[in-house]
Amino acid sequence: MMLSPPLFLLLLGLIGAQATPDLRKPASAVAGLCKTRPTDLVFIVDSSRSVRPSEFEQVKVFLAKVIEGLDVGPNATRVGVVNYASRVKNEISLKTYRTKPGLVKAVTKIEPLSTGTMTGLSIQFALNVAFSEGEGARIKSPDISKVAIIVTDGRPQDNVKDVAQRARDAGIEIFAIGVGRVDMSTLRQMASQPLDDHVDYVESYSVIEKLTKKFKEAFCACSVSAKDVVFLIDGSKSIRPENFELVKKWINQIIDKLDVSESKTHVGLVQYSSSVKEEFPLGRYNNKKDLKEAVKKMDYMEKGTMTGQALRFMADVSVTVSHGARPGVDKVGIAFTDGRSQDYIGDAAKKLKDIGVEMYAVGVGSAVEEELRQIASEPTKDHYFYTADFKAMNQIVQKLQIDNCTEEDPCECDSLVKFQKKVEDALQALTKKLESMSKRIALLENKIV
């Protein structure tokens with residue numbers, strides 16, 4: 001039966017009164033909050049006999065809570081779970097679940113295997129099977145992360161070092177979580193660099209949930225603006241060859257933390273001593289693997305310390321469009337030195353800041369604090385770093401904040417989870433109201449008839 005015009009208008013009014021924004025959109029799109037970056041994530045969980053049933057339940061709660069903070073979907077984050085003891089069982093494939101509720105429910109049903117501890121075998125299985133295209137992993141791409149989270153409480157009965165290296169070489173980022181009497185050296189052999197970010201320890205399974213927030217934030221892809229980042233590296237003779245190798249590792253640790261891609265962060269590298277050498281310009285390499293290989297191949301120049309000349313080169317060459325810099329993109333310089341400059345740095349340091357380059361100054365050993373402060377942007381406390389020992393440089397990596405989010409606190413993933421819960425509640429309430437409306441409309445139609 002066709003609705004009469006008055007009844008049709010009444011229906012529109014009722015629906016309009018209940019109308020809300022499209023809550024089916026991802027929370028990040030509606031609220032401007034973060035969303036998790038596209039990731040193929042595989043949990044590798046130890047369920048050997050040393051893990052009591054009640055403890056294994058706590059592991060499953062941890063997995064479920066991490067999953068709750070993810071943007072699960074075929075084009076977002078795919079999740080798999082590998083369960084291991086003396087043997088390995090593929091509990092959940094990356095291709096199996098496309099929604100969060102089904103995934104979490106499947107996690108709750110996993111049972112412990114309760115035999116030995118073949119951690120190396122489980123990593124090999126993940127590399128060969130769990131991260132294969134046949135099991136739902138996506139083709140390797142700079143835009144899709146491959147991540148394994150290993151949870152174990154003991155010493156493995158097989159070798160993990162070589163197989164973990166193969167997994168990392170294949171592009172899998174490994175986080176290693178140890179519980180109780182775990183062998184810490186094994187965790188370090190498995191985990192990706194920097195180890196401070198990828199190795200975690202908890203005293204017991206009862207407190208493993210405290211790591212939930214860390215992993216929610218680790219997978220949170222905040223809206224990072226495009227940046228052109230140029231490293232300016234002192235290669236003078238005072239550094240010494242063995243320390244220069246540590247400097248190269250330090251650069252690559254920073255690169256690991258950047259969002260390197262064609263459309264996001266570009267990286268250039270300049271080395272200086274008595275002269276200045278552009279190792280590679282901005283935009284030549286647009287993925288982390290090629291960048292890090294190029295850094296490893298950098299030869300040590302030795303000789304003097306012409307920091308002022310190097311800063312002028314950065315201002316006049318490195319951050320110009322003709323050398324790969326992008327118009328309208330934020331410019332960042334990271335200057336590293338271990339001693340006093342043999343030329344004047346003031347004018348060049350000022351020019352860089354005047355043309356809008358955000359400068360970080362990093363000093364080691366005999367670096368002069370006054371010069372570092374001249375180079376650094378304001379506020380100085382956020383842009384100037386010093387350590388007496390080359391071996392402690394990795395601590396500076398944690399303090400450098402290059403890829404900052406463009407919105408205020410967009411990576412507050414706890415807020416995202418709360419927002420998603422509100423969305424789900426609102427949808428349920430809206431569904432009930434629509435059912436009630438349908439019944440009322442049916443009654444009205446019957447009365448008209």
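**Two six-stranded sheets and their surroundings**

S93 is buried in this predicted model, its relative accessible area being 11%; the cut-off for counting as buried is under 20%, so S93 falls on the buried side. The residue sits in the loop that links strand 4 (88–92) to helix 4 (100–108). Its side chain makes a polar contact, at 3.3 Å, with the side chain of N90. Leaving aside residues up to four places away in sequence, S93 touches V79, G80 and E135.

A quite different setting is found for P142. Is P142 buried or exposed? With a relative accessible area of 61%, P142 is exposed; exposed means over 50%, so P142 makes the cut. Its place in the chain is the loop between helix 5 (119–130) and strand 5 (145–152). P142 also has D259 as a partner for comparison: 117 residues separate the two in sequence, while their C-alpha atoms are 9.5 Å apart in space.

Stepping back to the whole chain, the protein has 17 helices and 14 strands. Its residues number 449, and 49% of them count as buried. The exposed surface comes to about 21700 Å², with carbon and sulfur atoms supplying 52% of it. Of the contacts between residues at least 6 apart in sequence, 78% join residues at least 24 apart.

Now for the sheet that includes strand 4. Six strands form this open sheet, in the order 4-3-2-5-6-7, with mixed pairing. Strand 4 and strand 7 (199–202) are the edge strands, each pairing on one side only. From one strand to the next, the twist averages 20°. At the strand 4 edge, strand 3 (77–84) pairs with strand 4 in the antiparallel sense, over four bridges; V81 has I92 in strand 4 as its bridge partner. Helix 3 (53–68) packs on this sheet, touching strand 2 (39–46), strand 3, strand 5 and strand 6 (172–179). The direction of helix 3 makes about 170° with that of strand 2. Helix 5, for its part, lies across strand 2, strand 3, strand 4, strand 5 and strand 6, and runs at about 50° to strand 4.

Strand 5 deserves a look of its own. Why is strand 5 described as largely enclosed by the rest of the structure? Seven of its eight residues are buried, so the rest of the structure largely encloses it. Strand 5 is joined to strand 2 by seven bridges, and the two run parallel; here L41 stands opposite V147 in strand 5. With strand 6, strand 5 also pairs in the parallel sense, over seven bridges, and A148 has I174 in strand 6 as its bridge partner. Together with helix 6 (161–169), strand 5 and strand 6 make a right-handed β-α-β unit. As for side chains, those in a regular strand alternate between the two faces of the sheet.

Next comes the other sheet. Six strands form this open sheet, in the order 11-10-9-12-13-14, and the pairing is mixed. Strand 11 (276–280) and strand 14 (384–387) stand at the edges; each has a single partner strand, so one side of each is left without a neighbour in the sheet. The twist averages 20° from one strand to the next. Strand 10 (265–272) and strand 11 run antiparallel and are joined by four bridges, and V270 has E278 in strand 11 as its bridge partner. Helix 10 (241–257) packs on the sheet, touching strand 9 (227–234), strand 10, strand 12 (330–337) and strand 13 (357–364). The direction of helix 10 makes about 170° with that of strand 9.

Helix 13 (346–354) rounds off the picture. Which residues of helix 13 are buried? They are G346, A348, A349 and L352. In an α-helix there are 3.6 residues a turn, so residues three or four places apart point the same way. The cover over the buried residues of helix 13 includes helix 12 (307–318), strand 13 and helix 14 (369–375). After helix 13 comes G356, with a positive phi near 95°.

Key. Residues are numbered from 1 along each chain as its sequence is written. This is a predicted model: local features need pLDDT of at least 70, side-chain atom pairs count only at pLDDT 80 or more; totals for chains, interfaces and linings use all residues. Side-chain values use heavy atoms; hydrogens and water are left out. Buried means under 20% relative accessible area, exposed over 50%, partly exposed in between (1.4 Å probe, protein chains only). Contact means heavy atoms within 4.5 Å. Accessible areas come from the Shrake-Rupley method with a 1.4 Å probe; for residues, only the protein chains shown count as cover. A polar contact is a pair of N or O atoms within 3.5 Å; within protein, one must be able to donate a hydrogen and the other to accept it, and residues adjacent in sequence count only if both atoms are side-chain atoms. Two strands pair if DSSP finds at least two bridges between them. Axes are lines fitted to C-alpha atoms, for helices over the stretch in contact, and angles run from 0 to 180 degrees between N-to-C directions. A crossover is right-handed if, with the strands pointing away from the viewer, the path from the first strand over the helix to the second runs clockwise.
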